[in-house]
Amino acid sequence: MNIALWLDRAAKAAPNRSALGHGQAVVRRYGAFGERAARLAGALAGFGLVPGDRVAIFAKNSPAYAEALFAIWHAGLAAVPVNAKLHGAELAYVLEHSGARLCFVSGDAEGAAADHAPPSLERLLRLDGPDFERLCAADPVPVSARAPGDLAWLFYTSGTTGRPKGAMLSHGNLLAASFAYAMEVDPIEAGDSLLHAAPMSHGSGLYIMAQVARLGVNVVPESGGFEPDEIAATFAAWRRMSMFAAPTMVKRLVAGAPDFDPEAIRTIIYGGAPMYVEDARAALDRFGPRFAQIYGQGESPMTITLLPKSEIADGDHPRWLERLGSAGRAYACIETCAMGEDGTPLPPGETGEVVARGTPVMSGYWRDEAATAAALRGGWLHTGDVGAFDEAGYLTLKDRSKDVVISGGTNIYPREVEEVLLTHSGIREVSVIGRPDPDWGEVVVAYLVGTAPPAELDALCLSRIARFKRPKDYVFLDALPKNNYGKVLKTELRARDRLRTGPGGTP
Ligand code: AMP
């Protein structure tokens, strides 16, 4: 079944209900949203595109983004959303690799896209202005039939190492992820709203479809970005508003939105990177029990484990703090466990690679058989994340396997050290890496934002974790290197660290 049918039905059943919002205003009702998507699909078909062809979107968030997505599916095509902050050269790689025939661009991204368009790209289409309006006035076409396994979204990974890979998400995968979200993370009633303050090309965009199925309103901040005061004002203007936010965004709201009324929030869903316990507590103190956590990756979109709102709110639970530091437990549609190196599931408490299988999991990477075989070996998605499940099924994520520090033959998980350092009031952000060392193989080094005497940080670590996990060096920076999704780039930190210390590793 084609996921575009959700919009088609909403347009017929509830044409006057609000569908898309921009800032504080309704810009499209379901009737108009559905009609424009059907007409835009007609325009795409008119360009000679046939079901299965790929269409990229290189644009910042806007209501038209949702129109383009649904039009692409309506015509039986596959969407290739690309983060608008990528460099033109990075966009060129995705366009070429995906074989996209068309690319929608927002005005601010048009120059970069035009300069880097590969020969395989036939057309750039503006996602705003008179040209877009003309496309939305073409003759409508009916929804193209699609099977559950047909490609819907080519989800390029954020590529914290090497080239991004295109996770192939089918209509069936998106359906499963949408059901999982609306059933377990944040149930939606008609008229509820979701603010897209994080990129629609990534996690936030994956929540668009469930709103449509449930007649919710997809709203984009007027600036298209993340300004804490604007977010606060937008929440105040809509009914029962929720939002997906990376942990860094939650931190910015805690620190920088004094007028944000917690009562205006239905749910803030965080995930995509570790939420440290200290930060989660600060967020709860400021906004109350209005948070849910999700853990997933492009390969199983937003859907491996979740820590529901009710459990984050349950401060009286004897294991509350421990659970706050976990990524929750498996979604109903997923089987997940920690796997040992020999490919067998590990018992509770033991640490291994997190693997998952179930209806949201991708069928493989686009045009990359080797990476597909490696990621899906044995029928399990190998996430590259290391973690342990407890006997109740809660997953504590340690780190990406490549970020584990091995010192004197013992594994040290950076997150554990980071959690401790963040409890110091002078420390705002921290990232722990391994530095090559002739005696130990690697030693622990902490990169920090904030101020604190190293002796105090040492004492803090000695009071909370084993002596050998204590950083041997503390390096203060103005900011940590992050990618376009706000994820800390440990690879870059390690490279910088090598420059500081020289190839031998010793400072
Ligand atoms: P992406 O495919 O770009 O969304 O990145 C997915 C990766 O982000 C996962 O494999 C994890 O390493 C990390 N991640 C996602 N959600 C969480 C979470 N709740 N806690 C910690 N790390 C997370």
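Modeller: A residue is near a molecule if one of its heavy atoms lies within 4 Å of it. This is a predicted model, by the way.

Biologist: Fine, so which residues around the ligand come nearest?

Modeller: There are 16 residues around the ligand, and Ile294, Gln297, Gly298, Asp385 and Arg400 come nearest.

Biologist: What makes the pairing of arginine 400 with the ligand a polar contact?

Modeller: A polar side-chain atom of arginine 400 lies 2.9 Å from an oxygen atom of the ligand. The cut-off for a pair of N or O atoms is 3.5 Å, so the arginine 400 pair qualifies.

Biologist: And why would glutamine 293 and lysine 487 get that label too?

Modeller: Glutamine 293 has a polar side-chain atom 2.9 Å from a nitrogen atom of the ligand. For lysine 487, the partner is an oxygen atom of the ligand, at 3.0 Å. Both values fall within 3.5 Å, so both are polar contacts.

Biologist: Now the domains: where do they run?

Modeller: The domain assignment gives domain 1 as 5-389 and domain 2 as 404-501. Their C-alpha centres lie 31 Å apart.

Biologist: With centres 31 Å apart, how do you know that domain 1 and domain 2 are in contact?

Modeller: Contact is about heavy atoms within 4.5 Å, so the centres don't decide it. The contact takes 22 residues from domain 1 and 18 residues from domain 2.

Biologist: What is the area buried between them?

Modeller: About 1700 Å², with carbon and sulfur atoms giving 52% of that.

Biologist: How many salt bridges are there between the domains, and why?

Modeller: The count is 0. A salt bridge needs a side-chain nitrogen of Lys or Arg within 4 Å of a carboxyl oxygen of Asp or Glu, so no counted pair between the domains meets that. There are 5 residue pairs in polar contact, though.

Biologist: Which helices supply the side of domain 1 that touches domain 2?

Modeller: Helix H10 (247-256) and helix H11 (277-287) each supply at least two residues. H11 gives the largest share, 3 residues. By class, that side has 8 nonpolar, 10 polar and 4 charged residues.

Note on methods
Residues are numbered from 1 along each chain as its sequence is written. This is a predicted model: local features need pLDDT of at least 70, side-chain atom pairs count only at pLDDT 80 or more; totals for chains, interfaces and linings use all residues. Side-chain values use heavy atoms; hydrogens and water are left out. Domain bounds come from an automatic or database domain assignment. Buried area is the accessible area (1.4 Å probe) that two parts lose on being put together, summed over both. A polar contact is a pair of N or O atoms within 3.5 Å; within protein, one must be able to donate a hydrogen and the other to accept it, and residues adjacent in sequence count only if both atoms are side-chain atoms. Helices (H or I, at least four residues) and strands (E, at least two) are DSSP runs, numbered from the N terminus. Ala, Val, Leu, Ile, Met, Phe, Trp, Tyr, Cys and Pro count as nonpolar, Asp, Glu, Lys and Arg as charged, and the others, Gly among them, as polar.
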